[in-house]
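Okay, thanks everyone, let's get going. I'll put the structure up and then walk you through the parts I'd like you to look at.

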Amino acid sequence: MAAPETNRRTAEQRTGWAAGRTTTAPPRAGRSARVLVTDLDGTLLGGDRADRHRLHDALARHPEVTVVFATGRGLSSVREVLREPLVPRPRWIIADVGASVIDGTDQSPVADLQHRLRSGWPGADRVRAAMQRFPALVYQHGVAQDGRCSFHLRPDQLTPELTETVRALGCGWLYSADRYFDVLPPGASKGGALAALAAQQNWPMSSVLVAGDSLNDLSLYGLGAHGVIVGNAEPALRAAVPDDRAVHRPDRPGAAGILAALQELGWVERDYPLVVGYHRPPVRLTPGGWRPPASPNGILPTLRSLFTANPQAIWATAAVLGPHARPGRLDGHDTGLPLSFVPLTPAEWAAYFHRACKETLWPVLMSQPQRLRFDPETWTGYREVNARFADHIAARAAPGATVWLHDYNLWLVPGLLRPVRPDLRIGLFHHTPFPAPEVFAVLPTAAEIRDSLSHLDWAGFHTETFAEHFRRTLVGSRGAARVDVPRIGVHPLGIDREAIASAARASVRTRSPARTEAPTDPPRAGSADGPLVLSVERLDYAKAPVQKVDALAALLARRPELRGRLRFRLVCPPPEPGITSYDVTRQVLESRIAEVNQAWGKGGWKPVEYLPRSLPFTEVIDHYLDADVLWVTSLQDGMNLTAKEFIAAQRAVGRSGVLVLSRHAGAAAQLGAAALLTDPHSPGDLADTLHRALTLGSDERRRRLERLADLLGDDHPAVWAAEITAAIRGDDSPDASRDASREGSDAMSVAER
C-alpha cells in the first residue's frame, strides 16, 4: 500500500480541487453569530462517551452557538445518528460530502443552494456506468447517496486514468482515509456548501468554527473561519492545512478536541481540574437582588477559603429561581467566587431540600429514625436534582478532574456521574454524622444510596466513629466485603483561629473601659451580674434546644441561689421557611421559653434570653466573650464549630470560659479530654453538668481552657481543604498540600454557620 502523501500540493490533487478555493462569493458582513460546522464520524462522534457528553452539555448551555453538520453521510444516515441522545441538534446539515444542504428543523432540502451545488451533475447511473471499467472501485452498496457516488478504493489504485475519467464526466472527486473515493458534482464540496450557506445566512467567517478529521474536510479550511483539527485526524489533513493561529490542533480526539477549541475561543466555559459540588450557595437570589443565605451554614466559610487558595476550581451549586428571576441574572452575585449554578424552581427545591433532605434523610443522620417521613414523589425530586448536579458537574470537569462533593444532599451523584465520566476522581465529605448501619437501613432507599456511594473513590468524615459506620454500611450486615468500598479518611475540620483571635482582641479594644482592662475571670453564680450560659446554633431539633430549656428550669427549681442571676442566652437563627419539622420545633421551643420565663422571671430578670435571628460574626464574638459557659447539647453533630470558635475567642483575650459539650458532637472526639461532656438524652445529666460548669473553681477553669486551646490546633480550613483534595486524588504525599494559603478569611456571620 502506498504511503499517504504528506504535502499540500498532493492533498489538493487527491481532493480534485485546491483546498480553500471556491467560486462562491465571499460572505457579506452581517449580524454577530457563532457557528460550529463539524464533521460527524471521527469528529463530533469521535472520542469516548464522556467527551461527547461534555460537548453536548456545553452546546446545550449555549444555544447561541448554531450547529451545522458537514458530513459524507446521506440524510437517512444522519437521521440514524440523531437518535443518539448525546448528539446535538443541527440547525443545518451539509450532507453527501457537500452535495446536499438540508434545513435541520424539518429536514427539507435548501433547494436554491442544493441546485447550485449540484449543477453539472450527470447523474449516478452515468457515473457508475463510466466507472465500471475500473474493477478496483467497489461501489458502497447500502450507503444512502444523493447527488454523488461513493466507492472503496485502495491508495495504490488511485491512478491518473481514473481521475481523468472523472474529469471527463465534468465531475469532481475526493479521496480520503486511504479508502474512500467520492465522485461529486463539479461545484460540490463541504467548503463550497458552507460558503454558500454562510452567504445566505449572512455569517461572517470570523464567527465560524470548522472541525474535521480527514481529507474530505479539507475544503472547510482556508475559508477564513476558525478551525480545529481534532487529535485523531488523518496525518494527511494535518499536513495539508498550513499552520495558522486560527486553526487549533488539540491533542484530544473527536468531541474533546472540538470542546477544547470552543473553550479556547471563549464560546463556552472552560472546564476545571477541581469541581466542588455543594447544594447551597453563599448567596441567594431575591426580588431585591442577591442576599446572604436565609439559613445558617458552617460549610460556607470553609468553601470560601478553598476557592481563595485554589483559583482552578469551580463551585457547582443550586440557584432557586422564583417567577421574578431570570437565569441571565445569575452572574451578578458579586461574591468573587467561581459559582456555577444549577437552576431550580421553588417547587423543585421544596421537594428536594425541604422534604427529601430534611424530612427523610436528616432524621436518619441524626439517629432519630422515628421522625422519618418518606414520600416517593419527593424522593423522585431528590433523584432529579441529583441528576441535574451530576450532568452539571460532568460538563464542567476537565478530563481526569477531581470532584469534591459535600454531604448527604448529593448522595446519588456518584452513581450517576461515574458511568458518564469514568475518568474523574470522586470524593464526598460528610459534614454531618453518619448513622450506624442498622439506623441507615431504616431508609426505604438505603440500597439505592449504598449503590451510589460505592462509586466514590474516597469518603471523608470528622471522626473515626462516623467513618466506621460508613464502612460497615457499605460492607453489609453479614460482613461480606464489597470490592467497591471507597478509600475512607478522617479529617476533623478546624477553624481560622487567627481570624477569630483578631476579632476577639478587637472586640475587647472597642468595648467599655471596664472591659478593656486586663481580663479577669467572669463573675460566678451569686455575683451582682450573675453567670451567663450561651448557646449559638441554628434552630434544629437535633441541637436539643427544648431539652436545654427544660434542663434550665430543672436547675432553677433545685438551686434557689441561681434565681434572679443565671441567664441563658440562646442565639438561634431560624432555618429557611417551609421545613415542617423545624416549624414544629420552633413552636414548642418558643412556648416552653415563655413558660419558663413566666414561672421564674421577676423584676427585670428573665432566665432565658432568646435571639431568634442571625447576627454578624463580630456580635457573635462579643457573645462568646461575655459567656461564662458555652452549652453545646447536640443529639448528633458532625463537628460543631461554635465550640472551637468559643475556645479560640476566649483564649485570645485571656478569659476562662467553660465548654459543656455533647458526647454526640464530633468535636467531642477532639476536645472531650478538657470539655465537660454531657448527654442530651439524659435530662438529669444536662442539668447536673451545667451546674458543675457554673461552680468550677477558677484554677480548674483556666487549666481546662488552656488544654482545650492546645487540643484545638492551628490548621487553617484552607489547609484542611487542600489535604482532602489530595486524598481524593490519591496523592502519595498529601502532607505536601500543607503549604496552602493560611491567610485569614473574611469575617463570618452566624447566618453563614
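What follows is a quick tour of the sheets, the cores, one helix pair and a few backbone oddities.

One thing up front: this is a predicted model. So, the overall picture. The protein has 753 residues, and 57% of them count as buried. DSSP-wise, we have 27 helices and 27 strands. And if you take the contacts with a separation of 6 or more, 71% of them are between residues 24 or more positions apart.

Let's begin with the smaller topic, the four-stranded sheet. It is open, its strand order is 6-7-9-8, and the pairing is antiparallel. On the edges you'll find strand 6, residues 138-139, and strand 8, residues 172-176, each pairing on one side only. Strand 8 is joined to strand 9, residues 180-184, by five bridges, and the two run antiparallel. If you want to check the register, look at Trp 173, which sits opposite Val 183 in strand 9. Two helices pack on this sheet. Helix 6, residues 124-131, touches strand 6, strand 7 and strand 9, and its direction makes about 30 degrees with that of strand 7. Helix 7, residues 160-168, touches strand 8 and strand 9, at about 145 degrees to the direction of strand 8.

Stay with that pair of strands for a moment. Tyr 175 is another residue to look at for the register, standing opposite Phe 181 in strand 9. The hairpin of strand 8 and strand 9 has three residues between the strands, and in it Ala 177 takes a positive phi near 55 degrees.

Now, strand 8 is an edge strand, so here's one for you: is strand 8 largely enclosed or open? Well, five of its five residues are buried, so strand 8 is largely enclosed by the rest of the structure. Both of its faces are covered: Gly 172, Leu 174 and Ser 176 are buried on one side, and Trp 173 and Tyr 175 are buried on the other.

On to the seven-stranded sheet. This one is also open, with parallel pairing, and the order goes 17-16-13-18-19-20-21. Here the edges are strand 17, residues 339-344, and strand 21, residues 487-490, and each of them pairs on one side only. From one strand to the next, the twist averages 20 degrees. At the strand 17 end, strand 16, residues 313-320, pairs with strand 17 in the parallel sense over six bridges. Thr 317 has Phe 341 of strand 17 as its bridge partner. Lying across strand 13, strand 16, strand 17 and strand 18 is helix 13, residues 376-396, which runs at about 150 degrees to strand 17.

Next, the cores. The largest nonpolar core has 62 residues, and the ones touching the most other members are Trp 404, Tyr 624, Leu 659 and Leu 661. Which helix gives the most to this core? That's helix 23, residues 641-652, with six residues. Trp 404 is worth clicking on. Leaving aside neighbours within four places in sequence, its contacts include Leu 274, Val 275, Val 276, Leu 306, Phe 429, Trp 720 and Ile 728. Apart from that core lies another one of 58 residues, among them Ala 394, Phe 434, Ile 449 and Phe 461.

Then there's a helix pair I like. Helix 20 and helix 25, residues 683-695, pack at an angle of about 65 degrees with their axes 9 Å apart. The crossing is right-handed. From helix 20 the contact takes Gln 547, Ala 551, Leu 555 and Arg 558, and from helix 25 its residues include Leu 686, Asp 688, Leu 690 and His 691. By type, the residues of this contact divide into seven nonpolar, two polar and two charged.

Last topic, the backbone. Ala 544 is not a glycine, yet its phi is positive, about 60 degrees. You'll find Ala 544 in the loop between strand 22, residues 532-536, and helix 20, residues 545-558. Is Ala 544 buried or exposed? Buried, with a relative accessible area of 0%. Asn 202 also has a positive phi, about 65 degrees, without being a glycine. Asn 202 is in the loop between helix 8, residues 190-201, and strand 10, residues 208-212.

That's the tour, and I'm happy to go back to any of these views.

Methods:
Residues are numbered from 1 along each chain as its sequence is written. This is a predicted model: local features need pLDDT of at least 70, side-chain atom pairs count only at pLDDT 80 or more; totals for chains, interfaces and linings use all residues. Side-chain values use heavy atoms; hydrogens and water are left out. Two strands pair if DSSP finds at least two bridges between them. Contact means heavy atoms within 4.5 Å. Axes are lines fitted to C-alpha atoms, for helices over the stretch in contact, and angles run from 0 to 180 degrees between N-to-C directions. Buried means under 20% relative accessible area, exposed over 50%, partly exposed in between (1.4 Å probe, protein chains only). A nonpolar core is a set of buried Ala, Val, Leu, Ile, Met, Phe, Trp, Tyr and Cys residues joined through side-chain atoms within 4.5 Å. A crossing is left-handed if the near helix is turned anticlockwise from the far one by less than a right angle, and right-handed if clockwise. Ala, Val, Leu, Ile, Met, Phe, Trp, Tyr, Cys and Pro count as nonpolar, Asp, Glu, Lys and Arg as charged, and the others, Gly among them, as polar.
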